[in-house]
Amino acid sequence: MMRGVALLGLGYVLSQFFRAFLAVLSPSLRVDLGATPEDLAFASGLWFFSFAAMQLPVGWALDTVGPRRTAASLLLIGGGGGAALFAVATQPLHINLAMVLIGIGCAPVLMGAYYIFAREFAPSRFVVLASVMVGIGTFGNLVASYPMAIAAETIGWRASLWGLCAITTLTAIGIWCVVRDPATPEGEQRGSLLGVFKIKALWFIFPIMSVSYAQVGALRGLWIGPYFEDVFGANAHQIGWATLLMGIAMVAGSLAYGPLDRFVGSTKWVIIGGTALNLLALIALVMFPDSGIILATALMAAIGLFGATYAVIIAHGRSFMPPQLIGRGMTLLNLCSIGGVGVAQFLSGRVYAVSQPAVTAQAPYVLIFTLFAALMAAGLFVYLFSRDAGE
């Protein structure tokens, strides 16, 4: 079982990589394919939307055929095929199609692991296991930062994508061969999506789930690259270092939130505290957008650290779900999270477009940071009225 979880974890590392690697490739793709920041924001948004659109089918598949076949088949066809298409891209349209395929391929890997955790382990251990899985997966963010910039510079971005195609394909084959599906107790009642919507406690969690990762994913996945390039004149190496530090902060935050939940004794107030600090870092970016690359890097790292609440929010929602609704319930929460990033990317891309020509280099990014802060504040306000886990 744990070997299978480890392979799903590797699939999640790839998932984290694919949602973040456009930031460091933005200079190369602008030169080679004429892809603008708006084009890449659209492509990034397509990854998140295709990922989100697959969550309900994935939830059904997890509850019906299990995580092995669900994760292996989608990762092989979507992840491997999408990486191959990206490697031969000659225009932004090809990048869009590739990101859609990759989003579909990455959709089931984390939920497959979470499904196993929920079925095979006690609920009290779920938050720690979920946080560790996210922390491990977030190493994909690190690879998608400075190492990816070096690879693109050394062997070229096309050769790098062919290598990723091979790794993704082998991971999918490994999942098919090694993962074991959890047993379903005989006579267990079948769940439905309607049953998830009937859980009133989840309605106060859906909004924070939709915005908590939105600005982290959008900034790390794309905007940190054009922002540093346009405002500070940063090159690929500097962008790579900044994204690497933000990725390290995301790993640290993901690993810290699980134990912190047990230490504080309240899932709700851990999430509120982390979200509030995340919001303060966003507001600081709005107020001091051009105060230097060091401050900007520190604030991006703070957003990565305090914004790593994903696993704790999933665990909060999981605490209200009966066994027969685990697959559909967790994938619905994941749909909110990933769909929120897609919406944020599309909205931020439009904000960037309408702000052109910009009065100052930082003006479009101030508007984007303000958008993210407003969404975060709205989600936090609704979440204040939620029930704590176990109440």
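Contacts that reach far along the sequence dominate here: among contacts in the chain between residues at least 6 apart in sequence, 85% join residues at least 24 apart. Keep in mind as you browse that this is a predicted model. Its chain has 20 helices and zero strands. The radius of gyration is 20 Å, close to the 21 Å that the globule rule gives for 391 residues, so the chain is as compact as a globular protein of that length.

**Overall dimensions and surface**
- Along the principal axes, the C-alpha atoms fill a box of roughly 65 × 45 × 30 Å.
- The chain exposes about 14300 Å², and carbon and sulfur atoms supply 70% of that area.
- There are 19 positive and 15 negative charges in the chain, and their mean positions lie 10 Å apart.

**The interior**
- Of the 391 residues in the chain, 59% are buried.
- The largest nonpolar core has 134 residues, and those touching the most other members are Phe18, Phe21, Leu29, Phe86, Tyr114 and Trp223.

**A closer look at Trp223 and Ser348**
- Setting aside residues up to four places away in sequence, Trp223 touches Pro37, Ala41, Ala218, Gln345, Ser348, Gly349, Tyr352, Tyr365, Ile368 and Phe372.
- One of those partners, Ser348, sits in helix α19, which covers residues 326-354.
- Ser348 has a relative accessible area of 0%, so this serine counts as buried, the cut-off being under 20%.
- Beyond its neighbours within four places in sequence, Ser348 is in contact with Trp223, Ile368, Leu371 and Phe372.

Terms used: Residues are numbered from 1 along each chain as its sequence is written. This is a predicted model: local features need pLDDT of at least 70, side-chain atom pairs count only at pLDDT 80 or more; totals for chains, interfaces and linings use all residues. Side-chain values use heavy atoms; hydrogens and water are left out. Helices (H or I, at least four residues) and strands (E, at least two) are DSSP runs, numbered from the N terminus. The radius of gyration is taken over C-alpha atoms; the globule rule is 2.2 Å times the number of residues to the power 0.38. Buried means under 20% relative accessible area, exposed over 50%, partly exposed in between (1.4 Å probe, protein chains only). Contact means heavy atoms within 4.5 Å. Accessible areas come from the Shrake-Rupley method with a 1.4 Å probe; for residues, only the protein chains shown count as cover. Lys and Arg count as positive and Asp and Glu as negative; His and the chain ends are not counted. The place of a charge is taken as NZ of Lys, CZ of Arg, CG of Asp or CD of Glu. A nonpolar core is a set of buried Ala, Val, Leu, Ile, Met, Phe, Trp, Tyr and Cys residues joined through side-chain atoms within 4.5 Å.
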